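This briefing addresses the ligand shell, the annotated binding site and selected residue environments of the structure shown below.

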Amino acid sequence: DWNAGNVVAEQVEKIRAQVGDARVICGLSGGVDSSVAAALVQKAVGSQLTCVFVDHGLLRSGEAEQVEKDFVAATGVQLKVVDARERFLRALAGHTDPETKRKIIGREFIRVFEDAAREVIDDAGHSDASAHPVKFLVQGTLYPDVVESGGGEGAANIKSHHNVGGLPDDLQFELVEPLRTLFKDEVRAVGLELGVPEGIVWRQPFPGPGLGIRIIGEVTAERLDILRAADVIAREELTRAGLDRDIWQCPVVLLADVRSVGVQGDGRTYGHPVVLRPVSSEDAMTADWTRLPYDVLAVISTRITNEVPEVNRVVLDVTSKPPGTIEWE
Ligand code: XMP
């Protein structure tokens, strides 16, 4: 019988055996997967772990601050925050192909972790790059990530999840992936077992590549600002309507290369559409589009078109998975 307590005990033992007395870093995104992975590793090897939060500029409004505050307060883990916004934007400039964007983001994550690893301070308080190099990188990879990146038996590569198919070939770290056989609901159970706060355990999924794969077209700073403004409105209204636990997640997607004609006040507009993609799911392997109440959709649409000047049209994605995936890229 599956039991969260057994999974914790087993994984703690496995992590100790793999890591020994080496130092470990963990890429923390604030989401449930990386938070639970970090909590497991902390339970296993304690202060050998440093968490690294990469602000890649593809985050939603308020996200960086929230992670710094909530996760550290809850776990007391050592956290290093890296501002890598310019670096990611530079690397993504000019790229529009979804797999290329995913691979660039995966590669840049690793490069940032490598730089961060060199700066990790050891317990004695001196920079330990030569004395105790960081040998291991913890990732919150789940079973569905492995399958959909083509890692499962007989599986096709649907998209390269940033922490699986997006890894560079010359990776300097050995990976520690204690959630690799688990589904999301199991990860949540393990998180609760470990005492990870409910606010983190029940957070809706948000992909590692962030808003970078929700801008259809090239990722630019200006487009990120537009999408962030639309996204925060959708999230506010869904929360206000009490729907957070009813939906799995609701990506907001900017069709940055599409424009349509509109009218506002006395004037013609020629703006971009955003897509609302509310989905219901058990494990993200399959999903159905969520039948959100019309009045909630109406408020979201009105607010986005009023408050985000570059957006003049809000459309609803009514495709299940399959045939659509949850994210558009
Ligand atoms: P798709 O779009 O494949 O998404 O139906 C399934 C679930 O995975 C999330 N997702 C990702 N999560 N790194 C992640 O950590 C990724 O590269 C990635 N791509 C998709 C997506 O938000 C959904 O919950």
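Apart from neighbours within four places in sequence, Asp33 is in contact with Gly140, Leu142, Leu179 and Val187. The model is predicted. Asp33 belongs to helix H2 and counts as buried because 24 C-beta neighbours lie inside 10 Å, where 20 or more suffice.

**Annotated binding site**
- An unreviewed UniProt entry lists Ser29, Gly30, Gly31, Val32, Asp33, Ser34 and Ser35 under "binding site".
- One of these residues, Gly31, is placed in the loop between strand E1 (23-28) and helix H2 (32-45).
- Gly31 has 19 C-beta neighbours inside 10 Å and therefore counts as partly exposed.
- When residues up to four places away in sequence are not counted, Gly31 touches Arg203, Pro205 and Phe206.

**Ligand shell**
- The ligand is surrounded by 14 residues, of which Pro205, Pro207, Thr325, Ile326 and Glu327 are the closest.
- By class, the shell around the ligand comprises five nonpolar, five polar and four charged residues.
- Pro205 is among the residues closest to the ligand and is also touched by Gly31.

**Environment of Ile247**
- Ile247 is located in the loop between helix H9 (221-240) and strand E7 (252-255).
- Ile247 is partly exposed because 16 other C-beta atoms lie within 10 Å.
- The contacts of Ile247, leaving aside neighbours within four places in sequence, are Leu238, Pro278, Val279, Ser280 and Thr290.
- Ile247 and Val279 are 32 residues apart in sequence, and their C-alpha atoms are 5.9 Å apart in space.

Notes. Residues numbered from 1 in each chain as written. Predicted model: local features only at pLDDT ≥ 70, side-chain atom pairs only at ≥ 80, totals over all residues. Near = placed C-beta within 6 Å. Nonpolar A, V, L, I, M, F, W, Y, C, P; charged D, E, K, R; others polar. UniProt positions renumbered as here; feature names shortened; annotations may be inferred. Helix = DSSP H or I, 4+ residues; strand = E, 2+ residues; numbered from the N terminus. Buried ≥ 20, exposed ≤ 12 C-beta atoms within 10 Å, placed from the backbone. Contact = placed C-beta atoms within 7 Å.
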